[in-house]
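Colleague: I am about to look at this model at my desk and would love some company. Please take me closely through the salt bridges, and then set them in their surroundings.

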Amino acid sequence: MQFNRDDLLALTAIILLFVILSLPGDWVLALRDWLKALINLPSRPPSPSWFPTDKVVHVFLFLATALPVTMAIHHRVSQRLKSAVNRHDINHGVSREISHDSGSVHHPANKRRLRLTQVGSTAFIVMLILGVLSEWIQSFIPGRSADPLDLVADLLGSLLGIALAQLFIKRSGR
């Protein structure tokens with residue numbers, strides 16, 4: 001199996017996700033303070049205690065991971081479908097004429113919709129597994145904890161990332 005650019009980008013995003021979510025709690029605070037000093041952010045009052053900053057971080061991290069993961073899955077599914085169609089056409093002597101019956105499963109718009117549904121559901125399952133795994137891993141890290149609301153934030157970010165990736169796929173005609 002060969003890796004393409006989308007696969008490598010998705011793998012890199014997953015590794016970065018786990019590295020960031022595996023940092024001990026005190027490291028996260030130290031990293032935040034270092035970044036503030038690095039880019040010379042002015043001091044500002046802390047956010048209100050009711051504001052779920054950690055949930056926003058989880059949404060952002062999973063959104064940023066779901067984008068390349070969805071693109072990689074789309075690339076794989078598209079390659080498999082092209083290969084299967086070519087094998088079917090060669091084995092059955094089918095011509096490349098396009099059916100004008102928009103209700104047909106073989107109609108290009110329906111194939112694209114089916115492919116996007118398959119890609120979206122597969123990406124969601126992958127991101128769900130990553131979310132559960134990341135929360136489980138965090139339960140063993142000092143200063144971190146497994147929080148069901150973090151998993152909800154992870155899944156929200158995943159859904160947003162999958163939706164953005166699918167919007168890009170539709171607009172680019174991939």
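Modeller: Happy to. A word on burial before anything else: a residue is called buried when its relative accessible area is under 20%, exposed when it is over 50%, and partly exposed in between, using a 1.4 Å probe and protein chains only. Please keep in mind that this is a predicted model, in which local features need pLDDT of at least 70 and side-chain atom pairs count only at pLDDT 80 or more, while totals for chains, interfaces and linings use all residues. Residues are numbered from 1 along each chain as its sequence is written, and side-chain values use heavy atoms, with hydrogens and water left out.

Let me sketch the setting. The protein has five helices and zero strands, so named because DSSP runs of H or I with at least four residues count as helices and runs of E with at least two as strands, numbered from the N terminus. Of its 174 residues, 31% are buried. Among the contacts (heavy atoms within 4.5 Å) with a separation of 6 or more, 81% join residues that lie 24 or more positions apart.

Now to your salt bridges, each being a side-chain nitrogen of Lys or Arg within 4 Å of a carboxyl oxygen of Asp or Glu. The whole structure holds four of them. A good place to begin is Lys55, in helix H3. With a relative accessible area of 16%, Lys55 falls under the 20% limit and is therefore buried. One partner of Lys55 is Asp147, with the closest N and O atoms 2.8 Å apart. This pair links distant parts of the chain, since Asp147 sits in the loop between H4 and H5 while Lys55 is in helix H3, 92 residues apart. Asp147 has a relative accessible area of 23%, so it counts as partly exposed.

Lys55 also meets the side chain of Asp150 in a salt bridge, again at 2.8 Å from N to O. Because Asp150 belongs to helix H5 and Lys55 to helix H3, this pair ties together parts that are 95 residues apart in sequence. Here both Asp150 and Lys55 are buried. Taken as a whole, the network of salt bridges links Asp54, Lys55, Asp147 and Asp150. What else does Lys55 touch? Setting aside neighbours within four places in sequence, its contacts are Asp147, Leu149, Asp150 and Ala153.

Elsewhere, Asp7 forms a salt bridge with Arg76, where the closest N and O atoms are 2.3 Å apart. Asp7 is in helix H1 and Arg76 in helix H3, so the pair joins parts that are 69 residues apart in sequence. Asp7 has 10% relative accessibility, so it is buried. Arg76, at 25%, counts as partly exposed because its value lies between the two limits.

Next, the nonpolar surroundings. A nonpolar core is a set of buried Ala, Val, Leu, Ile, Met, Phe, Trp, Tyr and Cys residues joined through side-chain atoms within 4.5 Å. The largest one has 16 residues, and those touching the most other members are Leu17, Leu21, Phe62, Val69, Ile73, Met127 and Leu130. Helix H1 (5–21), helix H3 (53–92) and helix H4 (108–138) each supply at least two residues of this core. H3 gives the most, with seven residues. Not counting residues up to four places away in sequence, Leu17 touches Leu61, Phe62 and Thr65.

Helix H5 (residues 148–172) also holds Leu160. Leu160 is partly exposed, with a relative accessible area of 39%. With residues up to four places away in sequence left out, Leu160 touches Val59 and Leu63. From Leu160 to Ala64 there are 96 residues in sequence, yet the C-alpha to C-alpha distance is 9.3 Å.

To finish at the surface, the protein exposes about 11900 Å², of which carbon and sulfur atoms supply 68%; accessible areas come from the Shrake-Rupley method with a 1.4 Å probe, and for residues only the protein chains shown count as cover. Leu38, in helix H2 (residues 25–38), has 54% relative accessibility and so counts as exposed.
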